[in-house]
Amino acid sequence: MEYEVVVGMEIHAELLTNTKIFCSCPTKFGDPENTHTCPVCLGMPGVLPVLNKAVVHYAVRAGLALNCKIANFSKMDRKNYFYPDLPKAYQTSQYDRPLCLGGTVNINVNGKTKPIGITRIHIEEDAGKLLHESSDGTLVDVNRCGVPLIEIVSEPDIRGPEEARIFAEKVRNTLEYTGVSDCKMEEGSIRFDVNVSVREKGSEKLGTRTEMKNLNSFRALERAIKYESKRQIIELKKGHSIIQETRKWDDVKGISSAMRSKEDAQDYRYFPEPDLVPIVISDDEIEKEKSKLPEMPEAKKERYMAEYNLPEYDANLITSTKETARFFESTVNICNHPKQVANWLMVDIPAHLKEKDLTMDTIPFSPEELAELINLIQDGTISGKIAKSVMEKMFDGEGTPKEIVKKNNWAQMQDTGELKSIIEKIVQDNPKSVSDIAAGNKKAYGFLTGQVMKATKGKANPQLANKIIREVVSKKINE
Ligand SMILES: [Zn+2]
C-alpha cells in the first residue's frame with residue numbers, strides 16, 4: 001500500500017513594531033529579562049489594553065503580500081489556557097473573525113508551480129519565555145509577553161517534507177520583503193508548527209494528524225516531517241491507529257515523542273475580548289497598505305529575466321532573499337555584467353558565508369568591491385582562477401580587490417616580450433609536442449599551455465599565452 005503525506009502549517013512571525021501590541025513597552029530583542037514589562041502586558045487586574053494600530057497595518061500588508069482578502073471587520077478574542085509563561089492565563093488572539101482570509105502562495109516544486117492555500121492570518125500576542133536554570137529551577141522572562149505576532153495558517157495542501165520546506169522558505173522571504181518582520185530564525189522571530197498526517201494514496205479523507213510546535217529552522221522542519229510521517233506509516237502498517245496529539249521534536253536525537261493529547265478549540269473556552277473594540281478597516285486604508293508593498297520576489301524575478309537577461313534559475317536564487325537582491329542590483333549598477341555578478345552570488349559567496357557563519361546582512365565587503373573584482377577579470381588583470389583567491393581574501397578583510405592583487409603580485413603577465421621568451425624556452429624543451437602538432441595532434445597545445453601556466457604560476461593571460469604558443473610552434477614547424 002502506498003501512503004501520501006499531508007501537511008498543514010501554522011507560521012508565527014513577530015511583527016517589527018517598536019512597541020508591544022497593547023501597551024507601550026518596547027519589543028527589542030536581547031535585553032535583560034523582565035525589563036520590558038508593565039501592568040498591561042502582565043495582565044494585572046483592572047488594566048485596559050489599547051490596540052497598537054501599526055500591528056493592524058503590518059498584518060494587513062502581510063495579508064496582501066500573501067494574496068489574502070482583508071476583512072473590513074474583525075475582532076479580538078481571549079484564548080484561555082493556563083501556562084507558566086502566560087501570566088494573564090489567557091492570550092489575546094483572534095478566533096472566528098480573523099483579519100485576513102483565503103490567500104495563496106505559489107511554490108516551485110521540481111520546476112512546476114503549485115498553489116498552497118492560506119486559510120487565514122490573524123494577529124495575537126506572544127507569551128513569555130521559561131528559562132530552565134539548573135541551579136535556580138525554572139525562571140520566567142516576560143519581555144516577550146505582548147510582542148505582536150501574526151499567525152499564518154495554511155490549508156493541508158502540502159505534500160511531504162520538501163514541499164513544506166519550500167513553502168516555509170517562500171513565506172519567510174515574502175514577509176521579509178514586505179518589511180513587516182525581520183524573520184530572524186535564530187531570535188525566534190519566525191517559528192513553524194506542523195500538522196502531519198498520512199493517508200492511502202488516492203484517498204480523499206484526511207488521516208488523524210499530530211502536531212509539532214516551534215520548529216525553528218528549515219532543516220528541523222524537513223527532518224521532523226520526514227520522521228513523523230514515517231513513524232505514522234509504520235504504526236498504520238502494524239494495524240495501530242494514530243492518536244491525535246502534540247509531539248515534541250528533538251532535533252539533536254532526530255526523533256519525535258508524545259507530549260500531550262491534542263486540545264480542541266473548545267478546550268480554550270474562547271470568548272470575545274471585552275476590553276477591545278472591533279477592528280474596522282476601510283477599503284481606502286487597505287489600498288494605502290497595498291501601495292506600501294515593495295516589489296515582491298516574483299515580480300523581481302520576472303524583471304531580472306527581462307532586464308538583465310538572467311536565466312530563470314539564477315533569477316530565482318538571486319531574488320530569494322531581499323538582501324541578495326539588493327546586493328545584486330547595487331553591484332550591477334556599477335559594473336554591467338549581470339551574469340557574472342549572479343554567478344558570484346550563487347556559488348562562491350554563499351559558500352564563504354556558510355563557512356564563516358555570516359549572512360548577506362553581515363557580508364564583509366560592499367557591492368562596489370564585488371564590482372571591482374569583476375572588472376579586474378573583465379579587463380584581463382587577473383584570471384577567473386586568481387579571482388577566487390582574491391574573493392577568499394576579501395572575506396578575510398584583507399582589503400579591496402585591487403589592494404589584494406597588488407599585495408600578492410597576482411596581476412596577469414601582460415608583458416608580451418617576457419611571456420614570449422618563457423614560451424620559446426618551453427617549446428624548445430618539448431620537441432615531442434611540436435612534432436605531435438605537426439602530425440595533426442592538436443591536443444599537444446593543451447599540454448604546452450599547461451606548462452606555461454605552471455611556469456608563470458597561473459599569472460599568464462591564457463588567451464595571450466595561446467596566441468603566442470601558436471605563433472612560436474608554427475614558426476618552429478616551418479623552420
Ligand atoms: Zn507592557
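Buried means under 20% relative accessible area, exposed means over 50%, and partly exposed lies in between. Keep that cut-off handy as you work through these exercises on a predicted model.

**Exercise 1. Is each partner of the K75–D77 salt bridge buried or exposed?**

Step 1. Start with the pair: the side chains of K75 and D77 meet in a salt bridge, at 2.4 Å from N to O.
Step 2. Look at D77. Its relative accessibility is 1%, and the cut-off for buried is under 20%, so D77 counts as buried.
Step 3. Now take K75. Its relative accessible area is 17%, so K75 is buried too.

**Exercise 2. Sort K292 and E289 into buried, partly exposed or exposed.**

Step 1. These two side chains also form a salt bridge, with 3.2 Å between N and O.
Step 2. K292 has a relative accessible area of 40%, which means it is partly exposed.
Step 3. E289 is at 3%, so this residue counts as buried.

**Exercise 3. Which parts of the chain does the salt bridge between K201 and E2 link?**

Step 1. Find the bridge: the closest N and O atoms of K201 and E2 are 3.6 Å apart.
Step 2. Place each partner. K201 lies in the loop between strand 11 (190–200) and strand 12 (210–215), while E2 sits in the segment before strand 1 (3–14).
Step 3. The two are 199 residues apart, so the pair links distant parts of the chain.
Step 4. Check E2 against the cut-off: with a relative accessible area of 53%, E2 is exposed.
Step 5. For the wider picture, the structure holds 40 salt bridges. E295, K300, R303, E307 and E329 are linked in a network of them.

**Exercise 4. How do the axes of helix 9 and helix 10 cross?**

Step 1. Locate the helices: helix 9 covers residues 338–346 and helix 10 covers residues 348–356.
Step 2. Their axes come within 3 Å and cross at roughly 25 degrees.
Step 3. Angles under 35 degrees count as roughly parallel, so helix 9 is roughly parallel to helix 10.
Step 4. See who meets whom: N343, W344, L345 and M346 in helix 9 meet D348, I349 and P350 in helix 10.
Step 5. Sort these contact residues and you get five nonpolar, one polar and one charged.

**Exercise 5. Which helix gives the most to the largest nonpolar core?**

Step 1. This core has 64 residues, and those with the most contacts inside it are M9, I150, F167, L175 and F192.
Step 2. Helix 2 (residues 53–65) gives the most, with seven residues.
Step 3. Zoom in on F167: among the residues it touches are M9, I11, V105 and I158.
Step 4. Finally, look for a second, separate core: it has 38 residues, including Y177, M296, A371 and F395.

Notes:
Residues numbered from 1 in each chain as written. Predicted model: local features only at pLDDT ≥ 70, side-chain atom pairs only at ≥ 80, totals over all residues. Heavy atoms only, no water. Core = buried A, V, L, I, M, F, W, Y, C linked by side-chain atoms within 4.5 Å. Buried < 20%, exposed > 50% of the residue type's maximum accessible area, 1.4 Å probe, protein only. Helix = DSSP H or I, 4+ residues; strand = E, 2+ residues; numbered from the N terminus. Contact = heavy atoms within 4.5 Å. Axes fitted to C-alpha atoms, helices over the stretch in contact; angles between N-to-C directions. Parallel < 35°, antiparallel > 145°, perpendicular 65-115°, else oblique. Nonpolar A, V, L, I, M, F, W, Y, C, P; charged D, E, K, R; others polar. Salt bridge = Lys/Arg side-chain N within 4 Å of Asp/Glu carboxyl O. Lists of a residue's contacts leave out its neighbours within four places in sequence.
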